[in-house]
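Notebook open. I want to look up the enclosed spaces, one open pocket and one strand pair.

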Amino acid sequence: MATTINGFGSGNERISTQALLQQIYTALDQGETDFELLSSGHHDIGGPLWSGDGKTLKFKVKNPGQRLGAFGLAGTQIIVDGSTPADAGWLNAGAELIIKGDSGDTTAHCAASGKIFVAGQVGARSGSLMKHDPAFPSPELWVLKNTGSFAFEFMGGGTAVICGLDCEDYSSVLGDRSCMGMVGGTIYVRGQVENLPDDVWLLDLNDDDIEFLTTGLPTFLENIEKPWYLEQLTDFSQWRKVSAKSEEERRLRKNMRRTMHEFRLDKWVDDGGIFGGLIKDDYTQIAGLVNVGENRLKIPHWKNKEFCSPCQSACPSAIPTQDRINLLRQGKHKEAIELVLNYSPFPASVCGEVCPNPCMDACTRQFIDLPISMPALGKLSLEAKSPTPEADSGKKVAVIGGGPGGLSAAWQLRLKGHAPTVIEADIEVGGKLRQVIPTDRLPANSLTTEIDRIKKLGVEIKTDTSVDAKTFKQIQKDYDAIVIASGAHTPVVIPFPGHERLVKGLEFLKQFNSGENPEIGENVIVIGAGNAGMDVCLGAYARGAKQVTAIDIQRPAAFKKEIDHFERLGGKIEWPLFTDKVDAEGLHTKDGRLIKADTIIISIGERPDLSYVPREWLDERGMADVDDCGQLTKAPGVFAIGDSVKPGLLTHAIGDGHDAADYINCYLNGDTPVAKPKPVIVPPENLSTELFRPQNRSRFNLVDPTKETNRCLSCGTCRDCNMCLEACPEGAIRRDEEADGSFAYISDDNYCIGCGICAGICPCGIWGMEQKV
């Protein structure tokens, strides 16, 4: 039974074309292949579409709009009960269109394959730019009556049949000025024809022509349900054909027009020519309109990985998700889930649970439907095996602070063969990941598993060890380099009247997460509506608060999902709101309001405590004064990361730790660290997003994250899809593979004409065109 698609809503109002097409896409996803559409001028019906199992797609359409069957593919049949407006079969690539009425202007314009049957007439410029690629069936246009003017302009291939039925009184069944610029193809026409250009022949039919029409006319008439015209139309004495003259035939017309070589010698360089006496050239070598080698205007280059993907650039740890997904696409599941450990030791607990995922905010796929699910991919690596460290270097590095940044630095340093020692003041490492993030946001098992993996790699950890100035001096003597990663644990408090009544948010969260169960009132105010503030709000509800209100002087900086969670619990956010004082009644605002509260918690950020290093090593803000490589400007070999340098997210600290390890490795090898250049993101215009079929956002449900291979565009990294190789009209591209499995696509200068099709069709933005000067 056919699936019915209605172009009208429940109130009989016309729905948008996008909404109608989305209904078709949804039905296709459900395996439907037979459709009946009641349209109201909706455009682009019928292409380019295909079924997953290769079944023929059938569309029966009433009242379609423009571009019916545009880009239609083989295996698609479209039947129109009535007429169509302009552009039916535009750029047809194999579909069969049966139009049981008239068809508008530019029918079959640029058609490259497929068949179009029209039971009436077609409009102006129909059949223009029809062409034929010998690798595919030739396009055909069958018209029962006549065409409008300018039909078959610049036709380069294919076949048209214009039956001229009921057009006996017309001066030309092809309209006026048809076939201008025609260079290929054949037009069979029945009836009077006038005003053809000199570039074509009007010829009688031969036996092959009659056989073609004898075979094709019954099928045509049967499709448009008018078989009774067969006898009338098979009087072949009324038929003729139009075909293009060859290049030689055109050159010989008009009294043997001179060749370009003759023209150049006569008008350019001979005496009296525009260059006469200035240059000497016999013009025996002239670059043609289509050239290879050095005469090309543009030269393609395969620029695999020369550009960075948007997601990798946005990720503070520079995780190349496109490489991870390419490995999954190749069936290398183990390598894919282990790859991320070269960039971060916390793929599951941070990427998968608490990271705001700036990579998803940058993902190109979001402009098609939804971004790639990075959290789901991160969780795949929870039990991944650690990479093998390089050979021991004999160098020791102290990492002060066992938070995410410090552990990241220690992880990377160990992988590079050095011996890192993490010095942590708390009884266990993990920093704010363990101390302040609620377990409903970060499962304890996830964090514990990944910290255990760090320990097993060979990272030495000293807990319950505070660092003061004396200890720091000893560390300087005992280690070859130092990473300051002690974070920010001193809460910021505004000294308004009554500030001594405030509960510090960081201390509250540390007590709550450690199981100390801090006392809290029924009505709670949290000053600060950032992500940490939202954690405090959730902790307050978990401790029994009946009403929690978060206030801020500006738009809340917390992520939307955190705010939504808080508000679902009944929480309220007020902003902009400025605190005047705090007393036993609650919080007084500068505009005179009193917000009653039993407990008021402040969570507007923290500052680092770097009292253990010399004051001259710090900047005016009390932060570590570092160069572009994170090395203290007044202490070579000492590097600082994370909140010790500037406030940031947990994922920024992890990325800083990775970078610091790279710079320290350079330092320990006796080289001067050089700041990493900012990666160049692949230009969006290089990506062919139109090649990817969007999924219905409201129905999207990711069950298996490894299936993201079907959606990732692999921006800037070749996905080895062979599309450039298959699309190259000259067969100039080849794929070379090395023994280790690596590969490269090569464009042969001896065959490449610089057309740019490889760059245009590449979904990943790999091919670039060099403009010759």
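Before the lookup, I fix one term: a cavity is a set of grid points where a 1.4 Å probe fits but cannot get out, and its lining residues have an atom within 4 Å of a point. I also note that this is a predicted model.

**Entry 1: cavities**

I asked how many cavities of 30 Å³ or more the structure holds. I found four. The largest cavity comes to about 130 Å³ of space.

Next I looked up what surrounds the largest cavity. I count 15 residues in its lining. Nearest its centre lie Cys315, Ile319, Cys351, Asn357 and Cys359. I then checked which elements give two or more residues to this lining, and I list α6 (310-314), α7 (321-329) and α10 (358-362). By class, I get nine nonpolar residues, five polar and one charged.

**Entry 2: the second largest cavity**

I moved on to the second largest cavity, which holds about 100 Å³ of space. Its lining has 13 residues. I noted the closest to its centre: Cys311, Cys363, Cys712, Ser714 and Cys715. Which elements give two or more residues here? They are α6 and α7. Both helices are also on my list for the largest cavity. I sorted the lining of the second largest cavity by class too, and it divides into seven nonpolar, five polar and one charged.

**Entry 3: the second largest pocket**

I turned to an open space. The second largest pocket contains about 1,800 Å³. I find 41 residues along its lining. Closest to its centre are Pro48, Phe71, Leu73, Ala93 and Leu691. Helices α1 (17-29), α20 (723-727) and α21 (757-761) each give two or more residues to this pocket's lining. I asked which element gives the most. It is α1, with four residues. The class split for this pocket is 23 nonpolar, 11 polar and seven charged residues.

**Entry 4: a strand pair**

Last, I looked at strands β22 (residues 579-582) and β23 (residues 586-589). I wanted to know whether they run parallel or antiparallel. They run antiparallel, and three bridges join them. The connection between β22 and β23 is a hairpin through three residues. I then looked up the bridge partner of Lys581 in β23. I recorded His588.

Key: Residues numbered from 1 in each chain as written. Predicted model: local features only at pLDDT ≥ 70, side-chain atom pairs only at ≥ 80, totals over all residues. Heavy atoms only, no water. Pairing = 2+ DSSP bridges. 1 Å grid on protein atoms, 1.4 Å probe; cavity = no way out; pocket = protein on both sides within 12 Å on 5 of 7 lines; lining within 4 Å. Points joined across faces, edges and corners; volume = space filled by probe spheres on them. Nonpolar A, V, L, I, M, F, W, Y, C, P; charged D, E, K, R; others polar.
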